Amino acid sequence: MVAVDLLIGDRIRLYRGGQRQDAVAGLVGISPDYLSQIERGLKVPSPPILHSPVQ
């Protein structure tokens, strides 16, 4: 399956790979809980969150 065909939460989980949620969330400046909600489809991230550079 190509990532373009995935929902945003599934796509994030795919690209996150083996990285822990708390590590990835910290890199983009959001809480691990918020990242978890995005991945489960409970929240939709804002464009600034989607385009935030990894620090």
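**Salt bridges and a helix crossing**

Let me begin with one pair of residues: the side chains of Arg13 and Glu39 form a salt bridge, with 3.7 Å from N to O. Arg13 belongs to helix α1 and Glu39 to helix α3, so this pair ties together parts that lie 26 residues apart in sequence. Please keep in mind, as we go on, that what we are looking at is a predicted model.

For those who are new to the topic, side chains of opposite charge can pair when their charged atoms come close. When the whole structure is searched for such pairs, 4 salt bridges are found, and I would like to go through some of them with you.

Let me stay with Arg13 for a moment, as this residue also meets Asp10 through its side chain, in a salt bridge of 2.8 Å from N to O. Here both partners sit in helix α1, which covers residues 8–16, and they are 3 residues apart, about one turn of the helix. Are these two side chains buried or exposed? Asp10 has a relative accessible area of 30%, so it is described as partly exposed, and Arg13, at 33% relative accessibility, is likewise counted as partly exposed.

Glu39, on the other side of our opening pair, counts as buried because its relative accessibility is 6%, which is under the 20% used as the limit for that word. Which residues does Glu39 touch, if we leave out those up to four places away in sequence? The answer is Gly9, Asp10, Ile12, Arg13, Arg16 and Gln21.

A further salt bridge joins the side chains of Arg20 and Asp22, again with 2.8 Å from N to O. In this pair Arg20 is exposed, with a relative accessible area of 58%, whereas Asp22 is partly exposed, at 37%. Salt bridges that share partners, by contrast, link Asp10, Arg13, Arg16 and Glu39 into one network.

Now let us turn to the helices. Helix α2, residues 21–28, and helix α3, residues 32–39, have axes that come within 8 Å of each other and cross at roughly 105°, which means that α2 is roughly perpendicular to α3. On the α2 side the contact is made by Gln21, Asp22, Val24 and Ala25, and on the α3 side by Pro32, Leu35, Ser36 and Glu39. If we sort the residues of this contact by character, we find 4 nonpolar, 2 polar and 2 charged. You will recognise two names from earlier, since Asp22 and Glu39 are both among the residues of this contact.

Let me close with Ala25, which is found in helix α2. At 0% relative accessibility, Ala25 counts as buried. Leaving aside residues up to four places away in sequence, Ala25 touches Ile30, Ser31, Pro32 and Leu35, and of these Pro32 and Leu35 are also named on the α3 side of the helix contact. How far apart in space are Ala25 and Pro45, which are 20 residues apart in sequence? From C-alpha to C-alpha, Ala25 and Pro45 are 12 Å apart.

To return to where we started, the Arg13 and Glu39 pair reaches from helix α1 to helix α3, while Glu39 also takes part in the contact between α2 and α3.

Technical notes:
Residues numbered from 1 in each chain as written. Predicted model: local features only at pLDDT ≥ 70, side-chain atom pairs only at ≥ 80, totals over all residues. Heavy atoms only, no water. Axes fitted to C-alpha atoms, helices over the stretch in contact; angles between N-to-C directions. Helix = DSSP H or I, 4+ residues; strand = E, 2+ residues; numbered from the N terminus. Parallel < 35°, antiparallel > 145°, perpendicular 65-115°, else oblique. Contact = heavy atoms within 4.5 Å. Nonpolar A, V, L, I, M, F, W, Y, C, P; charged D, E, K, R; others polar. Buried < 20%, exposed > 50% of the residue type's maximum accessible area, 1.4 Å probe, protein only.
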